[in-house]
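Colleague: Before we discuss the fold and the ligand site, please show me the sequence and the model.

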Amino acid sequence: MNSRQEELSNLYEPVQMPADSGAPRPAGDLFDLSGRVAIVTGATRGLGLAIARTFCGAGAQVVVVSRKEDACQEVAAELRAGGGQAVGLACHVGHWDELDAFVAKVYDDSGRVDVLVNNAGISPVYESVGDVSEELWDKVIAVNLKGPFRLSALIGERMVAGDGGSIINVSSIGAARPTRDIVPYAAAKAGLNALTVGLADTFGPTVRVNAIMPGPFLTSIARDWDPDLLAERTRTFPLRRAGEAPEIVGAALYLASDASSFTTGSVITVDGGAQWSMPGGGDAG
Ligand SMILES: NC(=O)c1ccc[n+]([C@@H]2O[C@H](COP(=O)([O-])OP(=O)(O)OC[C@H]3O[C@@H](n4cnc5c(N)ncnc54)[C@H](OP(=O)(O)O)[C@@H]3O)[C@@H](O)[C@H]2O)c1
């Protein structure tokens, strides 16, 4: 290191970096979550379940969350049966009042939270924007935006007071390419992207906050989609198809682990290239 490099490195608190022996380093170390506690909301199916499985496989203790106690317990039992560490805990993330007690219970039971994945989300269909009721609007905002804000606020502050952590918001490509069929949802997810950047600033430098923007994935959220419209849209995607749930986990594991130690306030797109060919702000056909 020359004297200028030394001067520059003295500007900052030293950062713990893995020892560089010159030998090849096993990539798995970068993604290891051993000893960490990860909350994954909406983990009983779809993208959340895929993320929970991968986090368990990487050594984390996973708190499996959805509205349904039975489903949470069932998934947690499956993960334990597969050799992972997992507990189930029901919570409606759109109910502000439930979140304090939920967070208190996780800290009572597990002692810490290192990773929070705000994955639970809903995208109800509607005929036209005029048919969107206040109830539907409020529900969409509550689950996709209000809940992630409150959970991040409660847990982020505890992470800052403790050992730091990583918060991951599961947004949607709809935030960047809103179409006529998902206007309230797209607005909520765009808010979630803004929240991501604002909370990265709030909780840095010890807590990182990032988002993933998935394109269309074939989970249960897709059950109400028009297959012809999906086929028509995906035909123009660079990868020519919708995603499968396991294809989200690489980005989630990257953001949860030390592999992303210099990544915060980022919104990572995992969409098969959809954003470059999707309508949104133009004629959706
Ligand atoms: N699939 C896609 O094409 C796609 C595209 C872009 C973004 N996303 C986003 O990715 C995330 C996961 O989507 P997905 O496709 O995996 O959805 P999914 O298959 O419908 O699963 C949703 C999960 O969230 C839970 N959930 C729903 N409402 C909840 C609430 N109020 N409180 C707690 N848990 C709740 C569900 O369980 P219960 O119903 O039992 O509560 C379930 O575990 C969502 O945020 C979604 O917006 C998905």
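Modeller: Two strands are taken to pair if DSSP finds at least two bridges between them. Please bear in mind that this is a predicted model.

Colleague: In what order do the seven strands of the open sheet lie?

Modeller: The pairing in this sheet is parallel. The twist from one strand to the next averages 20°. β3 (85-88) and β7 (267-270) each pair on one side only, so they are the edge strands under the pairing criterion. Read across the sheet, the order is β3-β2-β1-β4-β5-β6-β7.

Colleague: Which residue of β6 stands opposite Asn169?

Modeller: Strand β5 covers residues 165-170 and strand β6 covers residues 207-214. The two pair in the parallel sense over six bridges. Opposite Asn169 in β6 stands Ala211.

Colleague: At about what angle to β2 does helix α5 run?

Modeller: Helix α4 (residues 69-81) lies across β2 (61-65) and β3, and runs at about 170° to β3. Helix α5 (residues 96-110) lies across β1 (37-41), β2 and β3. Its angle to β2 is about 155°.

Colleague: Which helix gives the most to the shell around the ligand?

Modeller: The ligand is surrounded by 31 residues, and the closest are Gly42, Gly46, Arg67, Gly121 and Thr219. Three residues of the shell come from one helix, spanning residues 46-57. That helix, which gives the most, is α3.

Colleague: How many charged residues does the shell around the ligand have?

Modeller: The shell holds 14 nonpolar and 14 polar residues. Glycine is counted as polar here. The charged residues number three.

How values were computed
Residues numbered from 1 in each chain as written. Predicted model: local features only at pLDDT ≥ 70, side-chain atom pairs only at ≥ 80, totals over all residues. Near = placed C-beta within 6 Å. Helix = DSSP H or I, 4+ residues; strand = E, 2+ residues; numbered from the N terminus. Axes fitted to C-alpha atoms, helices over the stretch in contact; angles between N-to-C directions. Contact = placed C-beta atoms within 7 Å.
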